[in-house]
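Biologist: I would like to learn how to read an interface between two domains of one chain. Could you take me through a case?

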Amino acid sequence: MRFAYQPDKGHLSRRTFLRASAVAAGGLLVSLHFDFPALAQNAEALPAPPDAYIHIKPDGRIVIAVRHIEMGQGVLTSLPMIVAEELDADWSQVSAELAPAGDAYKAPPLGIQSTSGSWSVRYGYQQHREFGARIRAMLVGAAADRWKVRPDECRTEAGVVRGPGGQSAGYGELADDAARRPMPEQVVLKNPGDFRIIGKSTRRMDSRPKTDGSQKFALDIDLPGMKIALIARPPVFGARVKAFDAQAVRSMEGVRDVFEIPLVKGSAVAVVADRFWSAKQARDQLKIDWDFSSVERADSQELRARYQALAKTRGTVALSRGDKTALSKTTPSQHLVAEYELPYLAAAALECLNMTLRYDGDRAEAWIPSQFATLDQGVLAQALGLDPSQVTLHVVFAGGGFGRRSPLDGNVPFEAAAIAKRVRGTPIKLIYTREDDMRSGYYRPMTTHRVEIAIGGDGMPWAWQHVAVGQSFIIGTAMEKTFIKDGVDPLVIEGAVNNKYRIPNFEVSVHHPAVSVPVYTLRSVGHSQNTFVMETLIDELAVRAKADPFAYRLKLLDPEATKVRDALTLLEEKSRWRNNLASGRAAGIACADYWDTGIACAAEVSVVDNRPRVHRVTVAIACGLPVNPLSIEAQCQGAIGFGLTQLMSAITLKDGEVEQSNFDGFRPPYMSDAPAAIDVYIVPSNDAPLGVGEPATPVISPAVVNGLARLTGKRYRILPIDAV
Amino acid sequence: MATYKITVNGQRRDVTVDPSTPLLWVLREDLKLTGTKYGCGIGLCGACTVHLAGEATRSCGLPVSEVGDQEVVTIEGIGVDRVGRTVQEAWVKKDVVQCGYCQSGQIMAAVALLKATPRPSQADIEGSMTNLCRCATYVRIRAAIQDASTRLI
């Protein structure tokens with residue numbers, strides 16, 4: 001989820017309510033509340049502590065609550081780094097935990113507790129610096145009082161306040177006194193030149209538990225008396241249970257209950273059993289008669305034809321610049337027409353969808369690997385007839401997310417609530433098998449694009465008309481009113497409308513067909529398609545103009561688009577290997593402005609067994625001040641691997657049924673599919689940090705295809721690539 | 001239901017389960033060893049990799065009735081082994097993990113590789129490391145295996 005929000009204005013003006021308090025066990029507990037003027041649904045009802053953000057314990061250890069889920073992106077390390085920097089903490093004393101769902105943990109820019117949009121550091125940077133600086137000021141104040149000196153005579157370093165006469169006191173010793181002091185209104189933040197933690201490559205907090213098996217993921221939650229629930233879902237989205245034979249499986253060993261439940265759309269049969277294996281055997285043997293009478297049987301072949309026809313007509317105009325009739329004023333010989341077909345994609349996070357829920361009638365407790373914690377809390381509350389305050393939601397580590405753990409309709413908690421209601425008092429863990437997960441929908445939408453370009457005498461695009469066809473992510477959801485303007489879903493056309501190329505006559509229009517397949521925002525969202533379209537076409541134009549691909553792009557890019565220009569320029573310098581390739585190999589490049597982050601990559605490719613093979617990738621990223629360069633490198637490397645998926649795999653439907661069910665039919669990149677080397681370079685900057693989790697995702701597939709085109713002379717506009 | 005005696009991480013354990021239950025679910029649900037992960041259920045992703053009689057083995061498709069007296073080692077037990085501990089340290093040093101869900105299996109596969117081939121080439125690594133990582137940490141996995149290899153020799 002993201003939208004065109006102006007980030008760097010919001011967080012300072014927002015009213016914040018920081019409260020310090022002493023805790024029974026000793027130490028200083030700082031909790032925070034803030035409101036969102038633009039999305040003030042809860043602004044008047046500020047919650048009470050203890051929504052603790054930061055706890056300084058008497059022994060000097062500091063625990064920082066992280067309001068976003070950790071699903072691999074490294075936020076558990078990077079947000080505490082920011083607090084620790086301004087707090088002048090001893091990093092070795094800092095630990096972090098995932099915050100539960102709570103109003104205090106709602107975050108900009110959406111005003112919900114969300115992890116999406118590569119936003120966590122971008123929108124948390126200023127605020128987390130202020131947390132740290134305020135707490136530091138309170139600790140210094142406590143020390144100054146104790147020593148009867150002025151605060152400005154004291155300094156701090158690595159968890160210790162030092163006084164003018166050689167006095168020193170650790171933060172833990174000062175925490176109780178500090179807790180009785182008022183929260184300072186104004187604090188002075190550090191000069192970036194003085195940073196000791198921010199900007200330094202810092203290893204992850206969660207490496208050890210993730211290498212010795214001790215990290216608990218959602219699927220590892222185990223409660224006394226807990227039962228396992230599996231669901232037999234309709235083979236076609238939206239179908240309903242007509243009848244089923246419960247008796248046949250109810251007597252199976254370990255099976256506790258079998259019953260129909262509603263789904264967000266349609267219905268299904270749930271099986272509750274003592275163990276996973278019993279539940280699965282029973283579920284797989286269920287005989288269910290489905291009612292398909294009111295469902296649409298989506299079919300990829302049919303959709304392709306329908307989308308192709310739609311793409312030949314202008315859609316709802318999302319952006320129009322210059323002369324609308326420019327194309328008709330040029331001769332067809334100067335025209336390039338390109339049609340693209342990009343498939344549905346599954347997130348296919350390695351940890352299948354799951355959650356654990358206990359419902360006791362007047363309260364509920366849930367363990368969810370949720371990217372949208374407060375929304376999921378709301379879904380549970382509504383489904384169980386409770387107030388959100390009666391629903392405790394623990395955010396649990398996720399084995400990958402990539403957008404799939406944030407559907408606006410909260411489909412997983414909706415299902416879990418239906419099961420927990422029936423078995424009231426018994427905790428249940430709802431598990432999706434891999435097959436359930438892969439066939440459950442909420443895919444990156446399938447899209448078709450038709451672009452017509454008129455090329456000017458200088459070889460540059462003079463007129464450009466892009467028609468995109470793709471299901472909306474948002475129409476029909478609770479967010480429709482907030483995000484949909486004039487019938488256009490901005491997420492479907494991001495990367496096309498907001499690209500930084502200065503094409504004088506430029507139009508993007510879009511059709512949003514209604515299809516029964518649920519869709520959602522896969523890592524890099526609309527960019528995953530539109531950047532592919534843009535960057536393969538720009539490359540083709542550069543080849544036609546016999547121009548260097550870097551020079552051509554830099555000539556066409558807005559001179560003020562400094563981030564993407566910086567990334568391209570750095571990439572050119574760092575990818576000189578392009579000029580020295582072995583025979584049978586070629587290099588392709590691509591770049592993008594990804595919500596203000598500049599990103600560019602170069603890929604060395606060849607053809608092996610009629611398939612593209614990527615040998616090496618170099619990435620340059622301009623993301624403002626790099627908070628944790630080691631993590632930025634990891635995110636770029638991972639995004640490159642993730643972004644290769646659409647070259648290899650697709651979700652397709654036949655007569656309403658999803659044709660893939662596991663990693664054989666939908667094959668994500670394994671080590672042998674991924675480049676052996678991915679070198680990442682960061683443009684040095686002291687500008688406010690920008691997003692890093694998604695930006696490299698959409699540039700790899702066009703870079704590979706641009707390299708392939710240099711080898712084969714062919715353009716690949718239909719993904720995945722079946723054969724080169 | 002039947003009772004099986006299996007040896008896991010050096011301990012004899014009795015489990016009473018349906019004979020067709022995969023070893024993975026016995027480890028996770030009966031022995032509470034949740035470091036071994038469920039990813040695909042059909043041996044394609046490797047998240048469930050354990051060592052069975054010293055061989056990297058996918059436990060999701062292995063019925064517990066077929067384990068017999070072959071020793072099972074899981075991620076929870078691999079750290080007592082020198083190669084296992086060195087690989088875990090290399091994983092931390094190279095900051096390999098992201099979501100971390102596949103990494104138990106990756107480490108078990110890497111330990112088996114290094115025991116069989118102490119100085120693996122990049123081709124050896126690519127040939128043996130057939131575990132899926134959706135976060136695509138492959139570059140750092142390669143680096144960590146090479147790092148562990150140098151430290152073990």
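Modeller: A sensible beginning is to ask which residues meet across the boundary, and in this predicted model 15 residues of domain 1 of chain A are in contact with 17 residues of domain 3 of chain A.

Biologist: Where do these domains run along chain A?

Modeller: Domain 1 covers 7–194, whereas domain 3 is assembled from 312–344 + 443–712, and domain 2 takes 218–293 + 353–431. The C-alpha centres of domain 1 and domain 3 of chain A are 38 Å apart.

Biologist: How much area do domain 1 and domain 3 of chain A bury between them, and which three residues of domain 1 supply the most?

Modeller: The two domains bury about 1,200 Å² between them, with 62% of that area on carbon and sulfur atoms. On the side of domain 1 of chain A, S118(A), R122(A) and Y125(A) supply 43% of the area buried against domain 3, more than any other three residues.

Biologist: How many salt bridges and polar contacts are found between these two domains?

Modeller: There is one salt bridge between domain 1 and domain 3 of chain A, and four residue pairs are in polar contact across their interface. As for the charged partners, R122(A) forms a salt bridge with D596(A), with the closest N and O atoms 2.5 Å apart.

Biologist: Which helices supply the side of domain 1 that touches domain 3 of chain A?

Modeller: Helix 2 (75–87) and helix 3 (120–147) of chain A each supply at least two residues of that side, and the largest share, four residues, comes from helix 2. By class, the side of domain 1 that touches domain 3 of chain A has seven nonpolar, seven polar and one charged residues.

Notes: Residues numbered from 1 in each chain as written. Chains lettered and ligands numbered in written order. Predicted model: local features only at pLDDT ≥ 70, side-chain atom pairs only at ≥ 80, totals over all residues. Heavy atoms only, no water. Domains from an automatic or database assignment. Contact = heavy atoms within 4.5 Å. Buried area = accessible area lost by both parts, 1.4 Å probe. Salt bridge = Lys/Arg side-chain N within 4 Å of Asp/Glu carboxyl O. Polar contact = N/O pair within 3.5 Å; in protein donor to acceptor, adjacent residues only side chain to side chain. Nonpolar A, V, L, I, M, F, W, Y, C, P; charged D, E, K, R; others polar.
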